[in-house]
Amino acid sequence: MNKKILVIDDNSLNIEILVDLLGDEYDVFGALDAAMSFEIIEENLPDLILLDIVMPDINGFELCQKLKLDKKTKNIPIIFITAKTDEDSIEKAFEVGGIDYVTKPFKPKELLVRVKTQLKIKDLISNLEYISSYDTMTNTLNRRKFFEEGEQLFTTSKNLYAIMIDIDNFKMINDQYGHHIGDVVIKQTALNIMNKKLKNSFLGRIGGEEFALIGTYKNKADIIQNIDEIRIFIQNDTIFTDNNEKINFTISSGISFFKDEFITIDDFLKDADKGLYEAKGSGKNKTVL
Ligand code: GH3
Ligand code: MG
Ligand code: MG
Ligand code: MG
């Protein structure tokens, strides 16, 4: 799929020139003012923005500032493309969050390579963000990111639940079938939790075969029912080894609902962990509140 570039310029001729230049390689959208650019962004989040400075309603500096304040658009690289050549404008462009500055009349090849370079850097940053936030084996949040997101939720909401999930007798699976199959079991567990994942929640792999969920609820009973449905689904899900041997396995979970006495997210998860400990001690393959 082509990368998307949004050109924001009050002069439609300037937009046409840039569409001609970039249109072969990229999907180029044009907007004549701020209102139109917000409409386009809503429908088609661009990978990069080329932004004029002098425009009648909101000027390019103000628009850039706005885009950098919005969570949805703050990571889109913005290259200013303008007839203004004074140093103050160049300085301001970078201060408001622009990543590059090109003056009109521009050199077409130069603009192309500048665009290409910024798109490449954006890809690299996205990859780094992914690697630093996700567990690559299961595609769930890694421990660090789970706690970061969880902390945020913990400080902003009260109608929260936390769930600790642990695969039962996992060591036996590793010992009997080998680490490779152990990994498959972990991946399959993550997939099954994600597929049935409770809405408005974060799922993280916080240990070897241990997952945690934190999220907001409307109805406590629904949460308990959902996690128990996941438990039953996993119990009935079969994995096959390379020799077509069938493997079935189970999980245990502990649930906690937020109480004012929890000062930190660790207190909250510890309470969920108590339920998990109880589930393990009373025969496993259980969900305990
Ligand atoms: P219980 O039912 O009480 O949870 O027992 P268990 O055997 O599942 O629990 P325990 O926590 O003692 O064992 C977890 C094992 O998971 C220990 C470790 O060697 C293994 N492990 C940790 N990370 C990985 C991994 O990424 N892949 C595989 N295959 N094994 C892992
Ligand atoms: Mg203009
Ligand atoms: Mg275990
Ligand atoms: Mg464990």
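**A walk through the sheet, the ligand shell and a β-α-β unit**

Strand 7 and strand 8 (residues 210–216) run antiparallel, joined by six bridges. This is a predicted model, and that pair is a good place to enter it. Helix 6 (residues 143–156) packs on the sheet here. Helix 6 touches strand 6 (160–167), strand 7 and strand 8. The direction of helix 6 makes about 140 degrees with that of strand 7. For a single point of reference, find Gly204: Ala212 in strand 8 stands opposite.

Now take in the whole sheet. It is open and has five strands, in the order 7-8-6-11-12. Its pairing is mixed. Strand 7 (201–207) lies at one edge and strand 12 (287–288) is the other edge strand. Each of these two pairs on one side only. A general point helps in reading such a picture. Strands of a sheet pair through backbone hydrogen bonds, and they do so either parallel or antiparallel. In a regular strand, side chains alternate between the two faces of the sheet.

Next, turn to ligand 1. Which residues come nearest to ligand 1? They are Phe170, Lys171, His179, Gly182 and Gly208, out of 15 residues around the ligand. Three elements give two or more residues to this shell: strand 6, helix 7 (170–177) and helix 8 (179–195). Helix 8 supplies the largest share, four residues. By class, the shell holds seven charged, five polar and three nonpolar residues.

Helix 7 and helix 8 also meet each other. Their axes come within 6 Å and cross at roughly 140 degrees. That angle is why helix 7 counts as oblique to helix 8. On the helix 7 side, the contact is made by Phe170, Ile173, Asn174 and Tyr177. On the helix 8 side, His179, Ile181, Gly182 and Val185 meet them. What classes of residue make up this contact? Five are nonpolar, three are polar and none is charged. Phe170 belongs to this contact and is also one of the residues that come nearest to ligand 1. His179 and Gly182 from helix 8 take part in the contact too, and both are among the residues nearest the ligand.

One more part remains, earlier in the chain. Strand 4 (residues 78–82) and strand 5 (residues 100–103) run parallel, with four bridges between them. Ile79 has Asp100 in strand 5 as its bridge partner. Helix 4 (residues 87–95) completes the arrangement: strand 4, helix 4 and strand 5 make a right-handed β-α-β unit.

Key
Residues are numbered from 1 along each chain as its sequence is written. Chains are lettered from A and ligands numbered from 1 in the order in which they are written. This is a predicted model: local features need pLDDT of at least 70, side-chain atom pairs count only at pLDDT 80 or more; totals for chains, interfaces and linings use all residues. Two strands pair if DSSP finds at least two bridges between them. Two residues are in contact if their C-beta atoms, placed from the backbone, lie within 7 Å. Axes are lines fitted to C-alpha atoms, for helices over the stretch in contact, and angles run from 0 to 180 degrees between N-to-C directions. A residue is near a molecule or strand if its C-beta atom, placed from the backbone, lies within 6 Å of it. Ala, Val, Leu, Ile, Met, Phe, Trp, Tyr, Cys and Pro count as nonpolar, Asp, Glu, Lys and Arg as charged, and the others, Gly among them, as polar. Angles under 35 degrees count as roughly parallel, over 145 as roughly antiparallel, 65 to 115 as roughly perpendicular and the rest as oblique. A crossover is right-handed if, with the strands pointing away from the viewer, the path from the first strand over the helix to the second runs clockwise.
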